[in-house]
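Here are some notes on the model, set out as numbered points. Please read them with the structure open beside the text.

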Amino acid sequence: EGRVRVSSAKNAVLPIIAGTLLASTPSKLLEIPNLEDVGTICQVIESLGVKITRNKADDEIIFDASTLTATEAPYELVRKMRASFLVMGPLLARKGEAKISMPGGCAIGARPIDLHLKAFEALGAKIEITEDYVYAHAPEGLKGTQIYLDFPSVGATENVIMAASMAEGKTVIENAAEEPEIVDLATFLNAMGANIRGAGTNVIRIEGVPQLHGAIHTVIPDRIEAGTYLIAAAMAGGDVFVENALPEHLKPVVAKLKEAGVTVEEEIDGIRVISTGKGIKAVDIKTLPYPGFPTDMQAQFMAFTTIAEGTSTVTETVFENRFMHCKELNKMGADTQVISNHICKVNGVEKLHAAKTTCPDLRGGAALILAALVGEGQSEINNIYHVERGYENIEGVLNNLGADMTKI
Ligand code: UD1
């Protein structure tokens, strides 16, 4: 019961911080969430010579990239977080070269970077790949061009937008990703003096400019954090208002909750869920690029279907190995059956029970927390550092709503 206010979107903050590398004067970002991944990307750009100044509350940060000197991102940081690779586009644009270790991050599928590299090559960069790193250089500068992405990759779209913002001439990205985080990045870059049109559709047009300046920006609310709390209320029962959640960004999640019989009200400043936690109907979901059902909500929604009446089918089409949470959910009495890399059947059970589980990755960990909220007894969840990459103070937020959760 109660209210929760969602933070700024992790997946928008990360590319936007990478984007500050493009400016020759300081940028200021407001309402920055206190997350592990944000700390990591800050360390990456600091290692490149950017000066970072934080306010006392640590939620406003000034990035001064006038001092950008290095073009090589350190291995320990890139290995920790795949999104570190987002500095490649800005570095190429501003310095004409970038050397970056092979990215790490959540172990959800192969997650190659071929689309990023193909696009950089199309923009005129030369790429050298060794076992450990990727070196890209554009001695004569980047040149605008037409790029068709074989898949609407979020990261590749962001990297190309940033690189093309300072390339010579016009770039058109076709089959671009349409995620709200891309729109937010384009809004920030346009405030810096870039000329980007069409972000949020699958064709993005960029007219390169020779220089960008700093800007002030507040990042959009985190739709995945919001969706996670909507599901928490839907599963545990109660009346929860998720303040700051944008219904337009959560259409498939809201639609599926309603289909399962949960009351969801879209209000002007957020979304309200009213649920008894009982009589949930089984529903099928299939993850897709935006505006389809987000893959980053798949695990949490699966946790929800474990206590539904009937069998739900969860189809994952974005990643090829994103069902690691199934085994852990089954430890709590769930009946999930992974049929293939892409399909999991969930036979709803009457109730879950407490168990000792281990977070397999960020969103899988969130799913385990949701299951533990309704599981009878005291659950213990290990490796919660995964969850802390993407949720600020999740135990405080859920305890405020009536949960009993302690970080050990
Ligand atoms: C971003 C999000 C992540 C989310 C994902 C999909 C951030 C920091 N992370 O990750 O939380 O789960 O979008 O919504 O914003 N692919 C290729 N080649 C490439 C790039 C991607 O084959 O060069 C494939 C990946 O292996 C994956 C799919 O495309 O199967 C989607 O990846 P992508 O959209 O690039 O995700 P990320 O940007 O890594």
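1. G333 comes just after helix α11 and takes a positive phi of about 95 degrees. The model is a predicted one, and this angle, like the other values in these notes, is computed from it. The helix before G333, α11, covers residues 324–331. Its buried residues are H325, C326, E328 and L329.

2. What do the buried residues of α11 pack against? Two helices are on the list, α10 (298–305) and α12 (362–374). The strands are β19 (335–338), β20 (343–347) and β21 (356–358).

3. H325 is a residue of α11 that can be looked at singly. Is H325 buried or exposed? H325 has a relative accessible area of 1%, and buried means under 20%, so H325 counts as buried. With its neighbours within four places in sequence left aside, H325 is in contact with Q298, A299, M302, P360 and G364.

4. A cis peptide bond joins Y290 and P291, with omega at about 10 degrees. P291 is placed in the loop between β17 (285–286) and α10. Helix α10 was named above, among the elements that the buried residues of α11 pack against.

5. The next point is the ligand. Which residues come nearest to the ligand? There are 18 residues around the ligand, and D114, L115, S153, D296 and V318 come nearest. Sorted by class, the shell has eight nonpolar, five polar and five charged residues.

6. Some contacts of the ligand can be given as distances. An oxygen atom of the ligand is 2.6 Å from an N or O atom in the side chain of S153. For the side chain of R82, an N or O atom is 3.1 Å from an oxygen atom of the ligand. At V154 the partner is a polar backbone atom, and an oxygen atom of the ligand is 2.8 Å from this atom. The ligand taken alone exposes 740 Å², and the protein buries 86% of that. Two elements, α5 (114–122) and α6 (154–165), give two or more residues to the shell around the ligand.

7. Helix α5 gives the most to that shell, with three residues. The buried residues of α5 are L115, H116, L117, A119 and F120. L115 is also one of the residues that come nearest to the ligand. What covers the buried residues of α5? The cover includes the helices α4 (88–95) and α6, together with the strands β7 (126–129), β8 (133–137) and β9 (146–148). After α5 comes G124, whose phi is positive, near 105 degrees.

8. Strands β3 (residues 51–54) and β4 (residues 61–64) pair in the antiparallel sense over four bridges. One pair of bridge partners is R54 and I61, the latter in β4. The hairpin of β3 and β4 has six residues between the strands.

9. D58 is placed in the loop between β3 and β4. Its phi is near 70 degrees, which is a positive value in a residue other than glycine. How does D58 count by accessibility? The relative accessibility of D58 is 31%, and the range between 20% and 50% is partly exposed, so D58 counts as partly exposed.

10. N383 can be read in the same way. Where is N383 placed? N383 is in the loop between β22 (380–382) and α13 (385–388). The phi of N383 is near 55 degrees, a positive value in a residue other than glycine. N383 counts as partly exposed because its relative accessibility is 35%.

11. The last point concerns V254, which is found in helix α9 (residues 251–259). V254 counts as buried because its relative accessibility is 2%. Which residues does V254 touch? Not counting residues up to four places away in sequence, V254 touches L230, V264, E266 and I271. V254 and A308 are 54 residues apart along the chain, and their C-alpha atoms are separated by 16 Å.

Methods: Residues are numbered from 1 along each chain as its sequence is written. This is a predicted model: local features need pLDDT of at least 70, side-chain atom pairs count only at pLDDT 80 or more; totals for chains, interfaces and linings use all residues. Side-chain values use heavy atoms; hydrogens and water are left out. A residue is near a molecule or strand if one of its heavy atoms lies within 4 Å of it. A polar contact is a pair of N or O atoms within 3.5 Å; within protein, one must be able to donate a hydrogen and the other to accept it, and residues adjacent in sequence count only if both atoms are side-chain atoms. Accessible areas come from the Shrake-Rupley method with a 1.4 Å probe; for residues, only the protein chains shown count as cover. Ala, Val, Leu, Ile, Met, Phe, Trp, Tyr, Cys and Pro count as nonpolar, Asp, Glu, Lys and Arg as charged, and the others, Gly among them, as polar. Buried means under 20% relative accessible area, exposed over 50%, partly exposed in between (1.4 Å probe, protein chains only). Contact means heavy atoms within 4.5 Å. Two strands pair if DSSP finds at least two bridges between them.
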